[in-house]
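I opened my notebook to go through this structure one part at a time and to write down what I looked up. Here is the structure I worked from.

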Amino acid sequence: MPRVSIDGVAVDVPEGATLLEAARAAGRDVPTLCFDERLAPFGACRVCLVGLEGAPGPVASCTTPCREGAVVDTRDPVARRVAGAVVELVLSELPEPPAAHTELAAVARELGVGAPRWTGEVHGAREDEPPHPYLALRHELCISCGRCVRACDEVQGTFALTATGRGFHANVAAGIDEGFRASACVSCGACADTCPTDAITEVSLLALAAEGDRA
Ligand code: SF4
């Protein structure tokens, strides 16, 4: 059972635990975006960066295993600056600021990121996709975190979703880009439940979410 130091607090963690798990065990709140504890760590977004003594730079805490004696700084200034820049870039590709109730908005608040200094070209809006009876889809809000694809694979076992495109054109598609309704989707809602931006939302929750944002 490795013992690690998280912001000066000694924590014993199970063998194989990640730095993120150790930080959370120590009560430290490390922001994450592509991470969902129900899914295998992905390590794609670089928002969960922390300082690790001896490492040449910040490391992704969600995929870095704890080693005996590791010394971690969850408030490492470089890690926070890079994570903030990542979130700012993500925001710059969206057509609008994230809704207040979303995880993306919460992460931006946590890292002190406001309106992005740049605005990119907005991609992904789909007018051609037939509406889904239970899911509201806004592809232009997709940030390619991969959580919906992994939830459909790992939680639901349906494999209905695919990550598509590259760079600014990265997005998510159902089936062989045939739309959610025609795909193997069984409307379980796992993708909507994990989506951090409202790119996929349950239709029945739209009004509630809007109400919460106004409160
Ligand atoms: S609602 Fe459909 S696409 Fe979403 S996780 Fe469930 S089966 Fe997959």
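The entries below cover the domains, then a sheet, a helix and a hairpin.

**Entry 1: the domains.** I note at the start that this is a predicted model. I looked up the domain assignment of the protein chain, and it gives domain 1 as residues 1-120 and domain 2 as residues 135-214. I then checked how far apart the centres of domain 1 and domain 2 are, taken over C-alpha atoms, and found 23 Å. For the contacts, I found that 21 residues of domain 1 touch 18 residues of domain 2. Sorting the domain 1 side of this contact by class, I counted 14 nonpolar residues, three polar ones and four charged ones.

**Entry 2: the open sheet.** I followed the strands across an open sheet of five and wrote down the order E2-E1-E5-E3-E4, with pairing that is mixed. Which strands stand at the edges? They are strand E2 (9-12) and strand E4 (59-60), and each has a single partner strand, so one side of each is left without a neighbour in the sheet. I reminded myself that strands of a sheet pair through backbone hydrogen bonds, either parallel or antiparallel. Taking one pair from this sheet, I saw that strand E1 (residues 3-6) and strand E5 (residues 71-73) run in the parallel sense, with two bridges between them, and that Ile6 stands opposite Val72 in E5.

**Entry 3: helix H2.** I tested the length of helix H2 (residues 77-92), which has 16 residues: at 1.5 Å a residue it should span 22 Å, and its end C-alpha atoms are 22 Å apart, so the two agree. Next I asked which residues of H2 are buried, and I listed Ala79, Arg80, Ala83, Val87, Val90 and Leu91. These buried residues lie on the same side of H2, because they cover an arc of only 110° around the axis. On the other side of H2 I found Pro77 and Val78, which are exposed. Looking for what covers the buried residues of H2, I found that strand E3 (49-52) and helix H3 (103-110) are included.

**Entry 4: a hairpin.** I turned last to strand E7 (residues 161-164) and strand E8 (residues 171-174), which pair in the antiparallel sense over four bridges. Within this pair, Thr162 stands opposite Ala173 in E8. How many residues lie between E7 and E8 in the hairpin? I found six, and I also noted that Gly165 in the turn has a positive phi of about 70°.

How values were computed. Residues are numbered from 1 along each chain as its sequence is written. This is a predicted model: local features need pLDDT of at least 70, side-chain atom pairs count only at pLDDT 80 or more; totals for chains, interfaces and linings use all residues. Two strands pair if DSSP finds at least two bridges between them. Domain bounds come from an automatic or database domain assignment. Two residues are in contact if their C-beta atoms, placed from the backbone, lie within 7 Å. Ala, Val, Leu, Ile, Met, Phe, Trp, Tyr, Cys and Pro count as nonpolar, Asp, Glu, Lys and Arg as charged, and the others, Gly among them, as polar. The expected span of a helix is 1.5 Å times one less than its number of residues. A residue is buried if 20 or more other C-beta atoms lie within 10 Å of its own, exposed if 12 or fewer, and partly exposed in between; C-beta atoms are placed from the backbone. The arc is that of the directions from the helix axis to the C-beta atoms.
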